[in-house]
Amino acid sequence: MSESPGEIIAGGATLAVAVGFLVYAAQGAGMTAPQDGFELTASFRSVQGISVGTDVRMAGVKIGSVTELELNAETFRADVTFALNDALDVPEDSSIAISSEGLLGGNFVELVPGGSPFNLASGEEIQDTQGALSLLGLLAKFVSASEGD
């Protein structure tokens with residue numbers, strides 16, 4: 001049983017595409033090795049729309065990603081851990097919020113720097129947080145307020 005060179009090339013190309021797809025899927029699922037940098041935590045009332053691997057952005061520029069989401073059984077809030085670029089200094093009075101890219105876009109975590117001369121160290125928690133806003137919830141409040149008039 002002999003194989004033609006065309007069959008060997010087609011098989012190799014198929015195998016290369018399959019490996020590339022698996023690497024891409026692993027990166028998207030946050031299964032790759034952690035990036036160089038430091039980790040911070042924050043506690044949110046709602047983390048609807050984000051997951052492990054979601055971008056953390058500052059001024060629209062990606063500076064890190066979410067590495068862990070966990071429900072705190074004592075406070076009933078979502079504890080989020082995220083890794084940031086090592087070259088970044090985050091003032092201790094910074095705030096963090098879950099923002100939307102638009103009506104049809106996904107959510108991301110937005111870090112807004114404060115003005116403190118003191119910076120957060122790896123493992124510390126950002127205190128000023130704002131959870132995800134539910135557009136359906138806001139619409140329901142608007143409709144119920146309109147019906148009351």
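**Figure 1. K62, a partly exposed residue with a relative accessible area of 49%, forms a salt bridge with D55.** Buried means under 20% relative accessible area, exposed means over 50%, and partly exposed covers the range in between, with a 1.4 Å probe and protein chains only. The model is predicted: local features need pLDDT of at least 70, side-chain atom pairs count only at pLDDT 80 or more, and totals for chains, interfaces and linings use all residues. Residues are numbered from 1 along each chain as its sequence is written, and side-chain values use heavy atoms, with hydrogens and water left out. A salt bridge requires a side-chain nitrogen of Lys or Arg within 4 Å of a carboxyl oxygen of Asp or Glu. For D55 and K62, the closest N and O atoms are 3.4 Å apart. D55 is itself partly exposed, because its relative accessibility is 22%.

**Figure 2. R57 forms salt bridges with D55 and with E101.** The closest N and O atoms of D55 and R57 lie 3.5 Å apart; between R57 and E101 the N to O distance is 2.7 Å. R57 belongs to strand β2 (residues 55-58), whereas E101 sits in the loop between β5 (95-100) and β6 (107-112), so this salt bridge ties together parts that are 44 residues apart in sequence. Strands (E, at least two residues) and helices (H or I, at least four) are DSSP runs, numbered from the N terminus. R57 counts as buried because its relative accessibility is 19%, while E101, at 46%, is partly exposed. Through shared partners, the salt bridges join D55, R57, K62 and E101 into one network. By the distance rule, the count of salt bridges is 3.

**Figure 3. Surroundings of R57 in strand β2.** Contact means heavy atoms within 4.5 Å. With neighbours within four places in sequence set aside, R57 is in contact with K62, I63, E101, F108, V109, E110 and L111. Two of these residues, K62 and E101, also appear in the salt-bridge network.

**Figure 4. The hairpin of β2 and β3 has 2 residues between its strands.** Two strands pair if DSSP finds at least two bridges between them. Here β2 pairs with β3 (residues 61-71) in the antiparallel sense over 4 bridges. V56 has G64 in β3 as its bridge partner. In this hairpin, A59 takes a positive phi near 55°.

**Figure 5. The hairpin of β3 and β4 has 6 residues between its strands.** β3 and β4 (residues 78-84) run antiparallel and are joined by 7 bridges. L71 stands opposite A78 in β4. F76, in the turn, has a positive phi of about 60°.

**Figure 6. Setting of the close-ups in a protein of 2 helices and 8 strands.** Along the sequence, the elements follow the pattern α-β-β-β-β-β-β-β-β-α. Buried residues make up 26% of the 149 residues. Among contacts with a separation of 6 or more, 62% come from residues 24 or more positions apart. The accessible surface, from the Shrake-Rupley method with a 1.4 Å probe (for residues, only the protein chains shown count as cover), comes to about 9900 Å². Carbon and sulfur atoms account for 59% of this surface.
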